[in-house]
Amino acid sequence: MLIADKGAARTASPPPSPPSDRQRRVRVLSFSQKLSRWDLKVSPFLYISPFFLLFAIVGLFPLIYTAVISFMDWDQIRQEGEFIGFDQYAWILSQPKFWIALRNTFSIFLLSSVPQLILALFIATMLDRHIRAKTFWRMSALLPYVVAPVAVGLIFNALYADNSGQINAWLTAIGIGPIPWHVEPFWSHVAISTMVNYRWTGYNALILLAAMQAIPRDYYEAARVDGAGVLRQFWSITLPSLKPTFIFVIITSTIGGLQVFEEPRMFDQYGQGGAASQWLTITLYLYNLGWSEWNFGRAAAMAWLLFLIILAIGLINLLVTQKLIGDAGGRGPTLTRAQRRQLARDQRDRRAQNKEGAR
Amino acid sequence: MTDLLKPHQAGGDATATIVAPKDRTGRPRRIRGYRPGFWVYGGLIAVLLASLFPLYFSFLIGSGDSSTLRDPNRSWIPGGNFFANAAAVVNDPSVNFWRALWNSIWTSTVIAVAVVMSSTIAGWAFAKLRFPGNKALLAFVIATMAVPQQLGVVPLYVLFAELGWTGKVGAVIVPMLASAFGVFWMTQYLRQAVPDELIEAARVDGASMIRTFWTVGMTAARPAAAMLFLFTFVQAWNNFFWPFIVLDRQDPTLPVALALLQSNHFVDYSIVLAGVVLATLPLLLLFVVAGRQLVSGIMAGAVKG
């Protein structure tokens, strides 16, 4: 490959071919030229086709077919279904278990993503300083990312064991006493969130770190000249500059967090989400509907509900994040939409006037 | 880092006259923050310990006997039973450890190679070739990244059951061959890594499109392709939901085998956690070798402000 590359570079250097040669080419459209034109037109589609072909089979087809199956009473043995409309959806929405699963999923999602992002921000700030052996510390933060979620689940399951776990031993040692991790819904959510946080905090810290390093250092210098302290710099420069990355990280952790499966599944050896569904999540429920009860219609309806929830939460996240964190270049008070519109109108008018004046 | 050490590049304006304060060694003092002290290193050591502790704990329990987990006053020095416990994992006929290891290596490698190939060529087309629908199709690819895996599992299972593929590793490989993230990643990289002039030069020399891709695109894409390979490999290796659904208990991948281990040995956690250590070792080795690249990959892939 390297040799071919060099060859291409060498032949590229001589001056353009003499005119006689070029005229000859224009006159007759040779077969190889036709081939070349065809090549130019068709190649791009050829190149993207492997991805799109595969995606059509394993992405798009299932997406649509899930919708179809979700309207059916699916017969597992005959591999076909009977159309029953919205009954599966109605059935799911009428199940108390679904609402418990929804509550659990949200609870675990919030307990994992909020502390995770705050912690990741802290770690990123530390990594952003002039530390020695940077790569070593970055790698130490990323290490949990390569550990399989199932393995993480098993390890923390042992740590969180109600009677014999290390965490309860420590809690007893400092006088708090054991916590019923596998009994109380809230505590089981805390335990499961720790597993999620363990795996993803360092990953998110590195993404935030990358964004931090892209902030021009002059900003900080200017802020210091103006007398801003470390906290003020962090609040007024670092956070607003991280906004796009924050949105990205929040959206990805929403998509991941609402699908949480491995951790609750491994939290006990039965994988049913606890005796009273304390830590049953939506995906776990979906799995149990589909592959324990073998009811594919319900599982498919569940999948679509999950998708709609993710979509809704994603949009809400986007709006909230945009409201909460000011614009990177923004100064002064936050304006309402009407005020911003007025401002834009004024600017446009002024620009028009300037143009007139220049003329 | 280097740009921090030369604080005032000649700008020709008034600010250029301000001279940065020098420290004792005569170098300009760093602009942002001072040498981090105890708190920063303390915090980083805490992160390191938090990352390592669960792994060490699993080794600790995995090297003890069945009473180690129950004993709250256990010693923090590993016991001598690790190899016995590991042997129990490897020899457990219902878990099929070697088969699982082989399946994990095989599926992850095939998936990673295929994703790199299909993503590189599609990324090349999106980044460097003009064709109708270029932008819309790329937007579509990016949008699909938000679709959860669960949305497809029911029909995929039906499809593979129809084909008689359930229980075969092919059913694990095929759905992961298309990676929207991979296409996006390569597009982003190739867009800035290859100057258009280089492509034009190759075209003027009469290279066909595929030859241009092969000589110019593939060569330029190598660093990004290596990172995409690593990411896809780790992801495929750790994937659980779909393999757990579609694979036979007799022919699992490592995460599925681990799940089986827990349902078989949940009383004896030393065996389960010895299995965790065994199953985690391959990726830990990969991390030791390629962790640096993984780190820089994440840092490069992030959306920058």
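What is the volume of the largest cavity? The points below take up that cavity and the next one in this predicted model.

1. **Size and count.** The largest cavity has a volume of about 80 Å³. The second largest comes to about 50 Å³. In total, three cavities of 30 Å³ or more are counted.

2. **Lining of the largest cavity.** Residues of chains A and B line this cavity. Chain A gives V146(A), V147(A), A148(A) and A151(A). From chain B come W237(B), N238(B), L254(B), P255(B), L258(B), A279(B), T280(B) and L283(B).

3. **Elements around the largest cavity.** Three helices of chain B each supply at least two lining residues: α10 (209–238), α12 (254–265) and α13 (269–301).

4. **Chemistry of the largest cavity.** The lining has 10 nonpolar and two polar residues. Charged residues are absent from it.

5. **Lining of the second largest cavity.** The residues here are S104(B), T107(B), S108(B), V172(B), A236(B), W237(B), N239(B), P243(B), T253(B) and P255(B). Two elements of chain B, α4 (97–128) and α10, give two or more residues each. The top contributor is α4(B), with three residues.

6. **Chemistry of the second largest cavity.** Nonpolar and polar residues number five each in this lining. No charged residue takes part.

7. **Shared residues.** W237(B) and P255(B) are on the lining list of the largest cavity, and W237(B) and P255(B) are also among the residues that line the second largest cavity. Helix α10 of chain B likewise serves the largest cavity and the second largest cavity.

Notes:
Residues numbered from 1 in each chain as written. Chains lettered and ligands numbered in written order. Predicted model: local features only at pLDDT ≥ 70, side-chain atom pairs only at ≥ 80, totals over all residues. Heavy atoms only, no water. 1 Å grid on protein atoms, 1.4 Å probe; cavity = no way out; pocket = protein on both sides within 12 Å on 5 of 7 lines; lining within 4 Å. Points joined across faces, edges and corners; volume = space filled by probe spheres on them. Helix = DSSP H or I, 4+ residues; strand = E, 2+ residues; numbered from the N terminus. Nonpolar A, V, L, I, M, F, W, Y, C, P; charged D, E, K, R; others polar.
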